[in-house]
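Open your viewer and get comfortable with the selection tool. We will go from stop to stop, and at each one you will hear what to select and what is there.

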There are 2 protein chains.
Amino acid sequence: MSHPDKLFASLFEPTRIALIGASADVSKTTSRPQRFLRKHGFKGEIFPINPSRAEILGEKAYKDLDSIPGEIDHAYILLNGKAAVAALEACGRRGVKAASILAGGFADAGAAGASLQDELVRIVRETGIRLVGPNSIGTVSTDPPVALTANAAFAVDKLRTGNWSLVSQSGSLIGALLSRADARGIGFARLISVGNEVDLAVGEIADLLVDDPKTGAILLFMETLRDGDRLARAARRAHAAGKPMIAYKLGRSEIGQELAKSHTGAIAGSDATFDAFCRRHGIARVAMFESLIDVPALLVDRPAAHQAEGRGKRVAVATTTGGGAAMVVDNMAVAGLDIVGPPQALVDWLKPLGIVAGEGKLVDLTLAGAKPEIVAGTIDRLLADDASDAVIFVVGSSAQFNPELAVEPLLKFAKSAKPFAVSLTPTAEKSLALLTAAGVPAFRHPESCAEAMALCLLRPTPRREPALSEPTRAALDSLEAGRVSGFDERRAADFFKALDVPVVKAMAVPDAKRLPAVVAEVGAPVALKILSADIAHKTEAGGVALGLVDGQAAAVAAREMGKRVRRHSPTARLEGFLVQKMERGLAEVILGFRRDPLVGPTVTVGLGGVLAEIYKDAATRLAPVDEAEAREMIAEVKGLATIRGYRNLPRGDVVALAKAIAAFSTLAHKAFADVREAEINPLLVKREGEGVVAVDGLVVLG
Amino acid sequence: MSHPDKLFASLFEPTRIALIGASADVSKTTSRPQRFLRKHGFKGEIFPINPSRAEILGEKAYKDLDSIPGEIDHAYILLNGKAAVAALEACGRRGVKAASILAGGFADAGAAGASLQDELVRIVRETGIRLVGPNSIGTVSTDPPVALTANAAFAVDKLRTGNWSLVSQSGSLIGALLSRADARGIGFARLISVGNEVDLAVGEIADLLVDDPKTGAILLFMETLRDGDRLARAARRAHAAGKPMIAYKLGRSEIGQELAKSHTGAIAGSDATFDAFCRRHGIARVAMFESLIDVPALLVDRPAAHQAEGRGKRVAVATTTGGGAAMVVDNMAVAGLDIVGPPQALVDWLKPLGIVAGEGKLVDLTLAGAKPEIVAGTIDRLLADDASDAVIFVVGSSAQFNPELAVEPLLKFAKSAKPFAVSLTPTAEKSLALLTAAGVPAFRHPESCAEAMALCLLRPTPRREPALSEPTRAALDSLEAGRVSGFDERRAADFFKALDVPVVKAMAVPDAKRLPAVVAEVGAPVALKILSADIAHKTEAGGVALGLVDGQAAAVAAREMGKRVRRHSPTARLEGFLVQKMERGLAEVILGFRRDPLVGPTVTVGLGGVLAEIYKDAATRLAPVDEAEAREMIAEVKGLATIRGYRNLPRGDVVALAKAIAAFSTLAHKAFADVREAEINPLLVKREGEGVVAVDGLVVLG
């Protein structure tokens with residue numbers, strides 16, 4: 001079985017490789033690709049290019065690209081700056097299918113480098129050559145071996161094969177992961193450093209790997225996201241193919257985001273929006289670096305579970321070390337998993353053996369020692385139990401002193417239908433290696449075992465993006481009105497209403513005269529607000545009056561308001577007053593919409609008010625969302641517990657809230673592409689069946 | 001230098017050891033102590049006791065304790081149940097200084113075992129013998145070697161020496177930590193399994209270790225806390241002696257707490273109160289298991305820092321791998337540390353070398369390769385910079401391929417005055433071993449490096465317990481009144497007022513007649529509440545009316561209230577009405593006091609209301625606290641940001657709040673020992689300078 005895409009072959013299985021700027025000086029980085037290719041057994045042809053030499057490291061050297069006969073699958077350009085640009089141009093003209101550039105100093109090095117990078121973009125566009133980098137430390141396959149890399153980490157004597165592939169935006173961390181995996185007895189199928197991603201970016205490469213028969217899992221080390229749409233597509237196809245996609249991304253802290261930016265010249269998106277991206281497309285995001293190699297074994301061949309009412313997250317735990325198992329359980333519970341006790345069948349089976357199980361939730365076999373038949377019989381019965389969704393066995397000191405004995409009864413569960421993992425309490429490298437070689441997911445730390453199991457059971461499946469129907473005439477007109485005259489509060493309200501978000505009843509009047517009639521129509525009590533596109537902060541300008549009980553009170557308030565606002569903002573154009581019905585709700589919600597520079601349109605739901613801001617309690621998703629996803633968002637906002645049925649508090653209308661969120665999220669439609677940001681704050685949630693109502697909001701174009 | 005306490009010698013340096021119930025069958029656990037003692041080079045005398053044998057494993061055996069000539073330093077009892085009890089009694093009568101019991105099956109095994117354990121308590125009390133266990137897998141010293149243990153983990157060929165000591169409530173995890181430390185090139189001075197802690201518990205043993213010249217750091221693996229006072233004393237003395245005390249404790253989740261309980265029959269306290277205990281007494285609590293061995297190197301010989309306005313938590317980072325360092329920085333920022341850039345002196349020094357530092361906060365030496373003189377010169381200048389409090393160097397692939405070269409320039413910083421740590425990005429065991437041997441704190445995971453640095457810089461120093469002055473007459477009288485007649489709302493208010501907590505102005509009236517006069521005195525508007533010790537939920541009984549604007553309104557409300565309450569609770573004794581001034585504040589705070597079964601009196605401050613409950617946003621400390629510590633608590637409650645000066649919101653009277661917290665926390669005085677729980681909810685915080693006022697509260701005796 002071979003890969004359907006020819007690009008794939010020129011990246012990962014080239015047989016004729018040009019090394020432009022190869023060096024014969026083994027102390028130089030530019031000598032490494034040739035040395036590493038040969039060291040790790042590359043069987044194809046290498047064409048070192050160096051105009052000043054006839055031979056390099058025992059292979060014939062060429063003065064330029066044109067002197068090489070026949071087709072070239074891949075050219076690795078080892079020159080810097082303008083020379084690298086010229087080399088790429090030559091490759092493009094010569095019809096080389098793909099090239100990589102080692103040097104940095106392009107967009108990663110500020111303005112001067114950026115214009116050089118523009119040249120690369122132009123060449124790619126004009127010649128159709130596909131480019132990895134610049135700033136790419138190389139691309140490696142292990143079987144057949146193609147170590148086309150300048151990465152010192154490949155100075156290792158033996159390159160371990162495996163069936164996971166790594167795509168990294170950091171070159172140096174490829175080495176770190178290679179060594180960490182090797183120490184665990186784990187090898188890779190492909191490893192690629194994508195550098196500045198001028199042409200080929202993480203998404204397109206991951207998409208190629210989905211169809212690679214040698215790739216069983218796709219690992220991503222990310223600092224930014226440049227081709228989100230492509231990565232989304234790859235993630236969905238990977239899921240369909242049963243190949244988990246697992247990502248570590250820098251930038252959980254603000255300083256981490258800054259660093260990612262300065263390190264590669266990349267834009268850093270917010271951490272919450274990247275999470276939303278992973279969730280939508282079914283990417284498992286890990287928090288610990290080493291989890292990138294720890295987690296895949298547990299996810300491979302396991303479809304993500306569907307949870308309903310606790311189902312899907314119930315783990316049974318057996319052990320030969322009570323304390324060690326307690327640590328795993330403690331960490332799993334903190335990660336949101338449920339622990340379930342043994343089935344009666346197991347309790348009954350263990351009883352004649354003198355083991356009392358079932359009092360606590362752990363099945364503690366310590367008294368039985370590590371007798372293989374008891375361990376295996378216990379795990380068999382736990383795996384067969386419908387009340388659990390996964391099983392963990394926690395091994396004690398036997399793993400250290402009698403690896404074969406301790407591990408033997410566990411090996412047969414490598415292919416269990418239900419997720420099964422082993423956590424090793426002592427340092428027990430031999431046991432770890434035996435388990436890993438047999439394909440049993442095994443963990444060195446209770447924390448990483450818990451993180452992996454939580455990812456295995458709780459990670460979302462890719463969710464279909466809801467179809468967006470065509471915007472209504474009213475919505476398009478309303479947007480146009482805002483474009484022409486600016487989005488004051490009234491026009492924003494009209495727009496949200498046209499999107500199908502319930503909006504507070506309100507009417508505008510040009511002056512105080514018609515107020516009594518309007519108040520009667522809107523319904524007292526009312527709020528009165530000055531209307532002026534020139535006044536951003538109405539309250540500070542004295543332009544808001546609340547709780548006016550009738551038309552008379554409103555008229556008095558309007559006259560005083562007019563005077564106050566004039567004093568405060570003498571030059572503002574006043575367009576009249578807005579009369580709004582005063583509404584009350586059980587909760588105030590804030591809805592936000594923005595276009596993230598990395599992942600695109602997002603929608604955020606949070607509790608309104610200052611406390612919610614302090615607690616940073618909000619749920620973010622890619623927009624649009626359907627009502628089902630909106631309900632998940634509502635469930636995720638802790639503070640909305642107050643309307644979900646908390647103690648004796650009355651329930652709020654979460655159905656109407658979900659509808660409003662879904663309606664608001666249709667701002668993602670391309671017809672609204674110039675809506676940069678929008679916010680409804682507050683959206684009042686009334687009692688069950690009584691709906692929601694938007695009281696205030698804003699729309700920012702741009 | 002030797003240890004001042006004789007008990008210490010009989011535990012850790014015994015020279016004449018009896019093994020009661022020793023076995024000649026090497027497949028039996030009871031044969032292990034003798035084998036391990038000899039295997040690891042014990043130089044003293046061993047007296048195996050076994051009535052059916054004359055010789056065991058080549059050593060003379062004894063039929064009973066009395067047949068052994070001379071003094072016995074330590075007896076390890078390897079018998080079960082009643083036989084173990086009888087053996088302890090014999091040891092006590094024979095004048096053996098200390099004994100350990102291996103067997104479980106005492107309080108850890110439910111009611112039957114508990115009565116057996118009571119027997120052990122009696123013997124200890126009557127004979128004065130000191131006991132480790134029952135359920136103790138043994139006590140080990142490495143130099144001179146005394147491997148008095150039945151723990152299979154000591155089957156290792158070589159016992160590494162070291163200067164950290166481990167006290168563990170789990171026997172099996174001693175083996176896990178031993179193997180994990182050994183794999184890191186780290187050895188221990190002492191290791192002790194304390195089991196059920198019938199007599200000697202963690203605190204007393206840790207206290208002995210403080211004076212042990214061979215112990216430089218004290219590591220605790222805990223499932224519960226049985227002698228908190230003693231551990232508190234030990235932690236303070238350890239701090240004074242410059243020996244860090246580091247604890248891992250199970251029970252971060254509720255299921256974890258249950259497990260700890262079922263595993264050892266121990267009471268599990270709440271996680272927040274154990275945190276409060278660690279904070280008060282200066283114990284560094286780690287979250288990752290392996291941090292127990294990862295962290296001490298960085299803490300040894302480093303006094304905990306005092307932070308003021310960000311000072312004390314500023315870390316400078318240099319690296320030869322940008323991506324690897326970014327991970328460390330990201331994790332440190334999430335853990336609350338600040339990252340600072342290089343000083344000008346370093347920027348100037350690096351410039352002629354072609355390295356541009358100072359644009360980002362990382363000092364990235366990648367371009368300089370790993371040249372030792374540049375690395376050392378960089379670290380020298382970072383350590384000399386007053387703008388940072390600690391320095392981290394993050395090593396890339398050179399640590400894997402050229403350990404000596406990569407590590408050599410780092411070794412000289414082992415004794416730096418300022419904390420210095422190394423984070424290794426690849427798996428680089430040789431580099432790790434070289435650094436560890438030289439005493440340079442080195443880390444395998446970016447996460448553990450960040451956790452250790454955060455503990456090093458942010459861990460609190462032990463805080464002096466505020467002195468409690470004698471309670472006032474008023475407080476004692478008020479408590480007595482509550483004891484006699486029950487603590488209704490009024491008597492609770494009187495009590496809190498007597499403690500010096502400002503309480504809302506209120507007066508009680510027996511009936512509605514005097515209401516107009518009383519309302520005039522209290523000041524309208526008022527709240528009216530029914531007074532009755534028989535009605536727990538006043539609002540439900542119709543016994544509360546709010547916002548009464550004058551005496552007339554109050555009188556009307558009182559008559560209606562009387563009728564409502566009669567209907568609702570026909571048999572309740574009504575004592576009249578409480579007239580309370582209606583107060584408003586910027587924030588509602590809840591103050592809680594309780595006696596934790598493990599750590600004793602605690603005080604908790606949280607934001608009042610349902611949201612605070614949902615967010616679990618509260619600060620807990622051991623009681624009493626002084627005003628300074630109360631201010632720290634206020635700073636720790638996120639939701640109280642609203643009164644600490646947030647955006648344009650008015651500031652609340654945090655000074656008065658701190659005073660009230662401190663006053664409330666004097667409930668810890670022994671004169672109030674029968675106050676089991678107390679709560680003020682809400683305590684209203686007014687504007688700066690306007691004070692606080694308690695509106696409602698309760699006191700529970702028992």
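Before the first stop, one term: contact means heavy atoms within 4.5 Å. This is a predicted model, in which local features need pLDDT of at least 70 and side-chain atom pairs count only at pLDDT 80 or more, while totals for chains, interfaces and linings use all residues. Residues are numbered from 1 along each chain as its sequence is written, chains are lettered from A and ligands numbered from 1 in the order in which they are written, and side-chain values use heavy atoms, with hydrogens and water left out.

**Stop 1: the two chains**

Colour chain A and chain B separately. A turn of 180 degrees and a shift of 0.1 Å along the axis lay chain B on chain A with an RMSD of 0.2 Å; the fit is by least squares on the C-alpha atoms of residues with pLDDT of at least 70 in both. That is the relation of a two-fold axis.

Now select the interface. Chain B brings 66 residues to the contact and chain A brings 66 residues. The copies meet through the same surface, because 100% of the interface residues of chain B are also interface residues in chain A.

How much area is buried between chain B and chain A? The value is about 5400 Å², with carbon and sulfur atoms giving 64% of it. Buried area here is the accessible area (1.4 Å probe) that two parts lose on being put together, summed over both. On the chain B side, pick B:Arg180, B:Asp330 and B:Tyr615: these lose the most area to chain A, together 12% of what that side buries.

**Stop 2: salt bridges**

The rule for a salt bridge is a side-chain nitrogen of Lys or Arg within 4 Å of a carboxyl oxygen of Asp or Glu. Over all chains the structure holds 101 of them, and 1 is found across the interface of chain B and chain A. To see a pair that joins the chains, show B:Glu613 and A:Arg647 as sticks; their closest N and O atoms are 2.9 Å apart.

For a pair inside one chain, move to A:Arg122 and A:Glu119, whose closest N and O atoms are 3.1 Å apart in a salt bridge. About one helical turn separates A:Arg122 and A:Glu119, because they are 3 residues apart in helix H4 (residues 110-127) of chain A. Helices (H or I, at least four residues) and strands (E, at least two) are DSSP runs, numbered from the N terminus.

**Stop 3: the cavities**

A cavity is a set of points, on a 1 Å grid over the protein atoms alone, where a 1.4 Å probe fits but cannot get out; its lining residues have an atom within 4 Å of a point. The volume is the space filled by probe spheres set on the points, which are joined across faces, edges and corners. There are 2 cavities of 30 Å³ or more in the structure.

The largest cavity has a volume of about 60 Å³. Select helix H20 (residues 489-498) of chain B, which gives the most to its lining, with 4 residues. Other lining residues to add include B:Val503, B:Gln580 and B:Asp696.

The second largest cavity holds about 40 Å³ of space. Strand S18 (390-395) and helix H16 (403-411) of chain A are the elements that give two or more residues to its lining, and H16(A) has the largest share, 3 residues. Among the lining residues are A:Thr320, A:Phe393 and A:Leu405.

**Stop 4: backbone details and a loop**

Zoom in on B:Ala524 and B:Pro525, where the peptide bond is cis, with omega near -5 degrees. B:Pro525 sits in the loop between helix H21 (515-522) and strand S22 (526-531) of chain B. Another cis peptide bond joins B:Ala623 and B:Pro624, with omega about 0 degrees.

Finish at A:Pro462, in the loop between helix H18 (446-458) and helix H19 (473-485) of chain A. Leaving aside neighbours within four places in sequence, A:Pro462 is in contact with A:Arg236, A:His239, A:Arg280, A:His281 and A:Gly282.

Key. 1 Å grid on protein atoms, 1.4 Å probe; cavity = no way out; pocket = protein on both sides within 12 Å on 5 of 7 lines; lining within 4 Å.
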